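Please walk me through the fold of this chain. Begin with the sheet, then turn to the helices and the cores.

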Amino acid sequence: MKYLAFIDDGHGMDTPGKRTPYIEELGRSIKENEFNAPVAKKIVEELKRHNVDAYLTAPGDKDVPLKQRTDFANQKYREYQSKYGSRNVVAVFVSVHYNAYDGSFEEPSPSGIELYVYNGYKNKRTGDLAKAIAKYLRQGTDQNYRGIKEANFHVLRETSMHAVLTENGFMDNKREAMLMIDKDFQHEVVIEHTKGILEFFGLPYKAPKQDSGDASGSIYYRVVTGSFKDRDNAEKRVKELKKAGYDSFITDYQYENTVYHRVVTGSFQKKDNAEKRVQQLKQAGYDSFIAVYRK
(Lines give C-alpha, C1' and ligand atoms only; values in the text may rest on other atoms or scores of the structure.)
Protein backbone atom coordinates (compact mmCIF):
# COMPACT_ATOMS: atom_id res chain seq x y z
CA MET A 1 0.00 0.00 0.00
CA LYS A 2 1.22 3.50 -0.87
CA TYR A 3 0.43 6.28 1.61
CA LEU A 4 0.21 9.84 0.30
CA ALA A 5 -0.32 13.10 2.23
CA PHE A 6 -0.75 16.70 1.11
CA ILE A 7 -0.19 19.27 3.85
CA ASP A 8 -1.56 22.76 3.29
CA ASP A 9 -0.33 25.75 5.33
CA GLY A 10 -3.48 27.84 5.19
CA HIS A 11 -2.46 31.36 4.14
CA GLY A 12 0.54 33.27 2.87
CA MET A 13 2.64 35.59 5.01
CA ASP A 14 1.09 38.73 3.51
CA THR A 15 -2.53 37.61 3.22
CA PRO A 16 -4.62 40.61 4.36
CA GLY A 17 -6.26 40.29 7.77
CA LYS A 18 -4.75 36.96 8.71
CA ARG A 19 -3.02 38.11 11.88
CA THR A 20 -3.57 38.74 15.57
CA PRO A 21 -4.52 42.09 17.03
CA TYR A 22 -1.52 44.21 18.08
CA ILE A 23 0.25 42.57 21.02
CA GLU A 24 1.82 45.16 23.31
CA GLU A 25 4.25 42.72 24.93
CA LEU A 26 5.72 41.82 21.54
CA GLY A 27 5.43 45.23 19.95
CA ARG A 28 3.68 43.78 16.88
CA SER A 29 0.99 41.47 15.57
CA ILE A 30 1.57 37.80 14.75
CA LYS A 31 0.71 36.67 11.23
CA GLU A 32 -1.20 33.40 10.87
CA ASN A 33 1.43 32.06 8.49
CA GLU A 34 4.04 32.32 11.26
CA PHE A 35 2.24 29.35 12.80
CA ASN A 36 0.84 27.57 9.76
CA ALA A 37 3.99 27.44 7.63
CA PRO A 38 6.49 25.94 10.12
CA VAL A 39 3.89 23.48 11.41
CA ALA A 40 2.96 22.29 7.91
CA LYS A 41 6.60 21.95 6.89
CA LYS A 42 7.47 19.85 9.93
CA ILE A 43 4.39 17.64 9.54
CA VAL A 44 5.70 16.79 6.07
CA GLU A 45 9.13 16.01 7.54
CA GLU A 46 7.61 13.79 10.23
CA LEU A 47 5.44 11.90 7.74
CA LYS A 48 8.41 11.32 5.45
CA ARG A 49 10.29 9.93 8.44
CA HIS A 50 7.51 7.32 8.61
CA ASN A 51 7.83 6.47 4.90
CA VAL A 52 4.72 8.40 3.88
CA ASP A 53 5.03 10.32 0.60
CA ALA A 54 4.20 13.82 1.81
CA TYR A 55 4.03 17.12 -0.08
CA LEU A 56 3.49 20.77 0.78
CA THR A 57 0.75 22.32 -1.37
CA ALA A 58 2.07 25.87 -0.94
CA PRO A 59 5.81 25.92 -0.23
CA GLY A 60 7.22 29.36 0.46
CA ASP A 61 5.61 32.43 2.01
CA LYS A 62 3.39 33.55 -0.86
CA ASP A 63 -0.38 33.08 -0.78
CA VAL A 64 -0.90 30.34 -3.37
CA PRO A 65 -4.44 30.36 -4.87
CA LEU A 66 -6.69 27.64 -3.47
CA LYS A 67 -7.34 26.15 -6.91
CA GLN A 68 -3.62 25.83 -7.53
CA ARG A 69 -3.25 23.94 -4.23
CA THR A 70 -6.04 21.46 -4.90
CA ASP A 71 -5.09 21.04 -8.56
CA PHE A 72 -1.56 20.13 -7.51
CA ALA A 73 -2.79 17.56 -4.97
CA ASN A 74 -5.35 16.03 -7.33
CA GLN A 75 -2.86 15.75 -10.20
CA LYS A 76 -0.22 14.13 -7.99
CA TYR A 77 -2.85 11.74 -6.60
CA ARG A 78 -3.83 10.68 -10.14
CA GLU A 79 -0.18 10.07 -10.97
CA TYR A 80 0.16 7.76 -7.97
CA GLN A 81 -3.06 5.93 -8.85
CA SER A 82 -1.85 5.42 -12.42
CA LYS A 83 1.53 4.17 -11.23
CA TYR A 84 0.50 1.95 -8.30
CA GLY A 85 -3.18 1.24 -8.98
CA SER A 86 -6.09 3.13 -7.45
CA ARG A 87 -6.73 0.45 -4.83
CA ASN A 88 -3.13 0.61 -3.67
CA VAL A 89 -3.02 4.32 -2.82
CA VAL A 90 -4.52 5.99 0.26
CA ALA A 91 -4.32 9.79 0.18
CA VAL A 92 -5.18 12.61 2.58
CA PHE A 93 -5.22 16.40 2.39
CA VAL A 94 -4.81 18.30 5.67
CA SER A 95 -5.01 22.10 5.81
CA VAL A 96 -3.48 23.75 8.91
CA HIS A 97 -5.06 27.02 10.12
CA TYR A 98 -5.50 29.34 13.09
CA ASN A 99 -8.99 30.66 13.76
CA ALA A 100 -10.37 34.18 14.40
CA TYR A 101 -13.57 35.62 15.82
CA ASP A 102 -13.80 39.41 15.61
CA GLY A 103 -10.18 40.59 15.34
CA SER A 104 -10.10 41.95 18.90
CA PHE A 105 -8.88 40.69 22.26
CA GLU A 106 -11.98 42.20 23.86
CA GLU A 107 -14.69 39.91 25.24
CA PRO A 108 -16.28 37.73 24.07
CA SER A 109 -13.06 35.94 23.20
CA PRO A 110 -13.70 32.38 21.97
CA SER A 111 -10.88 29.87 22.17
CA GLY A 112 -10.09 26.30 21.28
CA ILE A 113 -9.59 23.85 18.46
CA GLU A 114 -12.04 22.66 15.83
CA LEU A 115 -11.84 20.56 12.68
CA TYR A 116 -13.76 20.70 9.41
CA VAL A 117 -14.77 18.17 6.77
CA TYR A 118 -16.85 18.68 3.63
CA ASN A 119 -20.65 18.74 3.97
CA GLY A 120 -22.01 15.24 4.50
CA TYR A 121 -18.62 13.69 5.23
CA LYS A 122 -18.61 13.80 9.03
CA ASN A 123 -19.81 10.21 9.39
CA LYS A 124 -17.87 8.82 6.44
CA ARG A 125 -14.25 7.69 6.10
CA THR A 126 -13.07 11.31 5.95
CA GLY A 127 -14.69 11.80 9.34
CA ASP A 128 -12.44 9.03 10.66
CA LEU A 129 -9.40 11.07 9.61
CA ALA A 130 -10.76 14.12 11.44
CA LYS A 131 -11.50 12.04 14.54
CA ALA A 132 -8.01 10.58 14.54
CA ILE A 133 -6.35 14.01 14.38
CA ALA A 134 -8.78 15.43 16.96
CA LYS A 135 -7.95 12.59 19.33
CA TYR A 136 -4.34 13.71 19.57
CA LEU A 137 -4.99 17.47 19.45
CA ARG A 138 -7.11 17.03 22.58
CA GLN A 139 -4.25 15.36 24.42
CA GLY A 140 -1.91 18.34 24.15
CA THR A 141 -2.08 21.87 25.55
CA ASP A 142 -5.31 22.45 27.45
CA GLN A 143 -7.71 24.06 24.95
CA ASN A 144 -11.45 24.01 24.43
CA TYR A 145 -12.50 21.27 22.03
CA ARG A 146 -15.12 22.72 19.69
CA GLY A 147 -15.69 19.52 17.73
CA ILE A 148 -15.73 18.33 14.14
CA LYS A 149 -17.89 20.44 11.83
CA GLU A 150 -18.96 20.41 8.21
CA ALA A 151 -18.28 23.22 5.74
CA ASN A 152 -18.18 24.02 2.03
CA PHE A 153 -14.54 25.17 1.99
CA HIS A 154 -12.75 24.93 -1.35
CA VAL A 155 -9.91 22.73 -0.07
CA LEU A 156 -12.44 20.27 1.32
CA ARG A 157 -14.84 20.32 -1.62
CA GLU A 158 -12.39 20.26 -4.53
CA THR A 159 -9.95 17.58 -3.36
CA SER A 160 -10.21 14.02 -4.65
CA MET A 161 -9.04 12.50 -1.37
CA HIS A 162 -9.93 12.53 2.32
CA ALA A 163 -9.62 16.20 3.34
CA VAL A 164 -9.63 17.85 6.76
CA LEU A 165 -9.06 21.46 7.81
CA THR A 166 -7.82 22.09 11.36
CA GLU A 167 -8.19 25.30 13.36
CA ASN A 168 -5.59 25.09 16.13
CA GLY A 169 -6.60 28.07 18.25
CA PHE A 170 -7.91 31.63 17.96
CA MET A 171 -5.67 34.50 16.88
CA ASP A 172 -7.86 36.99 18.74
CA ASN A 173 -7.74 35.10 22.03
CA LYS A 174 -4.71 36.53 23.85
CA ARG A 175 -3.56 33.27 25.40
CA GLU A 176 -3.83 31.30 22.17
CA ALA A 177 -2.32 34.11 20.11
CA MET A 178 0.85 33.89 22.20
CA LEU A 179 0.99 30.15 21.55
CA MET A 180 1.32 30.74 17.80
CA ILE A 181 5.04 31.52 17.93
CA ASP A 182 5.81 29.19 20.84
CA LYS A 183 8.20 26.61 19.41
CA ASP A 184 7.14 23.96 21.94
CA PHE A 185 3.48 24.43 21.05
CA GLN A 186 4.25 24.28 17.33
CA HIS A 187 6.20 21.04 17.87
CA GLU A 188 3.32 19.60 19.88
CA VAL A 189 0.81 20.38 17.11
CA VAL A 190 3.12 18.83 14.52
CA ILE A 191 3.31 15.56 16.45
CA GLU A 192 -0.46 15.53 17.10
CA HIS A 193 -1.28 15.92 13.41
CA THR A 194 1.33 13.34 12.47
CA LYS A 195 -0.01 10.78 14.93
CA GLY A 196 -3.57 11.31 13.73
CA ILE A 197 -2.67 10.91 10.06
CA LEU A 198 -0.58 7.82 10.76
CA GLU A 199 -3.40 6.29 12.82
CA PHE A 200 -5.77 6.84 9.90
CA PHE A 201 -3.28 5.07 7.63
CA GLY A 202 -2.94 2.25 10.16
CA LEU A 203 0.74 3.01 10.70
CA PRO A 204 2.50 3.21 14.10
CA TYR A 205 4.11 6.44 15.27
CA LYS A 206 7.81 6.08 16.04
CA ALA A 207 9.13 8.70 18.43
CA PRO A 208 12.62 9.99 17.68
CA LYS A 209 15.13 9.26 20.43
CA GLN A 210 15.12 12.79 21.82
CA ASP A 211 11.32 12.67 22.26
CA SER A 212 11.23 9.35 24.13
CA GLY A 213 11.82 8.54 27.75
CA ASP A 214 9.33 10.71 29.59
CA ALA A 215 10.00 8.68 32.75
CA SER A 216 13.70 9.51 32.59
CA GLY A 217 12.94 13.14 33.35
CA SER A 218 13.85 14.44 29.88
CA ILE A 219 10.44 16.09 29.39
CA TYR A 220 9.09 18.91 31.56
CA TYR A 221 5.86 20.90 31.49
CA ARG A 222 6.55 24.57 32.04
CA VAL A 223 3.80 26.98 33.00
CA VAL A 224 4.30 30.19 31.03
CA THR A 225 2.76 33.35 32.49
CA GLY A 226 3.74 35.91 29.90
CA SER A 227 6.14 36.42 27.02
CA PHE A 228 7.63 39.89 26.53
CA LYS A 229 9.79 41.71 24.02
CA ASP A 230 10.89 44.16 26.74
CA ARG A 231 12.83 42.43 29.53
CA ASP A 232 11.78 45.12 32.03
CA ASN A 233 8.16 44.05 31.55
CA ALA A 234 9.12 40.42 32.10
CA GLU A 235 10.94 41.30 35.31
CA LYS A 236 7.93 43.32 36.46
CA ARG A 237 5.70 40.27 35.91
CA VAL A 238 8.12 38.09 37.92
CA LYS A 239 7.98 40.54 40.84
CA GLU A 240 4.16 40.56 40.74
CA LEU A 241 4.04 36.78 40.75
CA LYS A 242 6.54 36.42 43.56
CA LYS A 243 4.55 38.93 45.62
CA ALA A 244 1.46 36.78 44.99
CA GLY A 245 3.38 33.73 46.23
CA TYR A 246 4.43 32.19 42.92
CA ASP A 247 8.14 31.71 42.41
CA SER A 248 8.99 32.55 38.79
CA PHE A 249 11.95 32.97 36.51
CA ILE A 250 12.74 34.27 33.02
CA THR A 251 13.94 32.25 30.06
CA ASP A 252 14.87 33.81 26.72
CA TYR A 253 14.09 32.42 23.30
CA GLN A 254 14.67 33.78 19.83
CA TYR A 255 12.07 33.91 17.13
CA GLU A 256 13.52 34.96 13.77
CA ASN A 257 15.79 37.89 14.73
CA THR A 258 14.00 38.94 17.92
CA VAL A 259 14.68 37.75 21.47
CA TYR A 260 11.62 37.31 23.71
CA HIS A 261 11.60 36.96 27.48
CA ARG A 262 9.32 34.22 28.77
CA VAL A 263 8.12 34.21 32.38
CA VAL A 264 7.94 30.66 33.76
CA THR A 265 5.92 29.99 36.91
CA GLY A 266 6.67 26.36 37.59
CA SER A 267 8.32 23.45 35.80
CA PHE A 268 6.82 20.00 36.35
CA GLN A 269 7.50 16.42 35.25
CA LYS A 270 3.79 15.59 35.54
CA LYS A 271 1.35 17.41 33.28
CA ASP A 272 -1.41 17.18 35.91
CA ASN A 273 0.65 19.31 38.29
CA ALA A 274 1.26 21.89 35.58
CA GLU A 275 -2.47 22.03 34.83
CA LYS A 276 -3.22 22.64 38.51
CA ARG A 277 -0.77 25.55 38.54
CA VAL A 278 -2.44 27.04 35.45
CA GLN A 279 -5.80 26.93 37.22
CA GLN A 280 -4.33 28.55 40.34
CA LEU A 281 -2.82 31.35 38.27
CA LYS A 282 -6.06 31.82 36.35
CA GLN A 283 -7.93 32.29 39.62
CA ALA A 284 -5.27 34.82 40.64
CA GLY A 285 -5.86 36.77 37.43
CA TYR A 286 -2.89 35.56 35.38
CA ASP A 287 -3.50 33.95 31.99
CA SER A 288 -1.06 31.07 31.50
CA PHE A 289 -0.37 28.10 29.29
CA ILE A 290 1.73 24.95 29.36
CA ALA A 291 4.80 24.55 27.17
CA VAL A 292 6.57 21.23 26.75
CA TYR A 293 10.29 21.52 27.48
CA ARG A 294 12.76 18.85 26.40
CA LYS A 295 16.02 18.90 28.32
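Six strands form an open sheet in the order E2-E1-E3-E6-E4-E5, with mixed pairing. Strands pair here if DSSP finds at least two bridges between them. Helices (H or I, at least four residues) and strands (E, at least two) are DSSP runs, numbered from the N terminus. E2 and E5 (145–151) are the edge strands, each pairing on one side only. On average, neighbouring strands of this sheet are turned by 20 degrees against each other, direction ignored.

This is a predicted model: local features need pLDDT of at least 70, side-chain atom pairs count only at pLDDT 80 or more, and totals for chains, interfaces and linings use all residues. Residues are numbered from 1 along each chain as its sequence is written, and side-chain values use heavy atoms, with hydrogens and water left out.

**Strand pairs**

Three parallel pairings are listed here, each with one pair of bridge partners.

| Strand pair | Bridges | Sense | Partners |
|---|---|---|---|
| E1 and E2 | four | parallel | Ile7 and Leu56 |
| E1 and E3 | seven | parallel | Asp8 and Ser95 |
| E3 and E6 | seven | parallel | Val94 and Val164 |

E1 covers residues 2–8, and E6 covers residues 162–170. Strand E3 (residues 89–99) is mostly covered: ten of its eleven residues are buried. Buried means under 20% relative accessible area, exposed means over 50%, and partly exposed lies in between (1.4 Å probe, protein chains only).

**Helix H2**

H2 packs on the sheet and touches E1, E2 and E3. Its direction makes about 175 degrees with that of E1. For such angles, axes are lines fitted to C-alpha atoms, for helices over the stretch in contact; the angles run from 0 to 180 degrees between N-to-C directions.

H2 spans residues 66–84. At 1.5 Å a residue, its 19 residues should span 27 Å, and the end C-alpha atoms are 27 Å apart, so the two agree. The expected span is 1.5 Å times one less than the number of residues.

Which residues of H2 are buried? They are Arg69, Thr70, Ala73, Asn74, Lys76, Tyr77 and Tyr80. These cover an arc of only 165 degrees around the axis, so they sit on the same side of H2. The arc is that of the directions from the helix axis to the C-beta atoms. The buried residues pack against E1, E2 (53–56), E3 and helix H4 (154–157). The face turned away from the buried side carries the exposed residues Lys67, Ser82 and Lys83. Glycine 85 follows H2, with a positive phi near 95 degrees.

**Helix H6 and the cores**

The largest nonpolar core has 48 residues. Such a core is a set of buried Ala, Val, Leu, Ile, Met, Phe, Trp, Tyr and Cys residues joined through side-chain atoms within 4.5 Å. Ile7, Leu47 and Ile197 have the most contacts inside this core. Helix H6 (residues 183–201) gives the most to it, with eight residues. H6 lies across E1, E3 and E6, running at about 150 degrees to E3.

What does isoleucine 197 contact, leaving aside its neighbours within four places in sequence? Its contacts are Ile7, Ile43, Leu47, Val92, Val94, Leu129 and Ile133. Contact means heavy atoms within 4.5 Å. Apart from the largest core lies another, of 16 residues, among them Tyr221, Val238, Leu241 and Ala274.

**Threonine 126**

Threonine 126 is in helix H3 (residues 125–137). Its relative accessibility is 5%, so threonine 126 counts as buried. Not counting residues up to four places away in sequence, threonine 126 touches Val117, Tyr121, His162, Ala163 and Val164.
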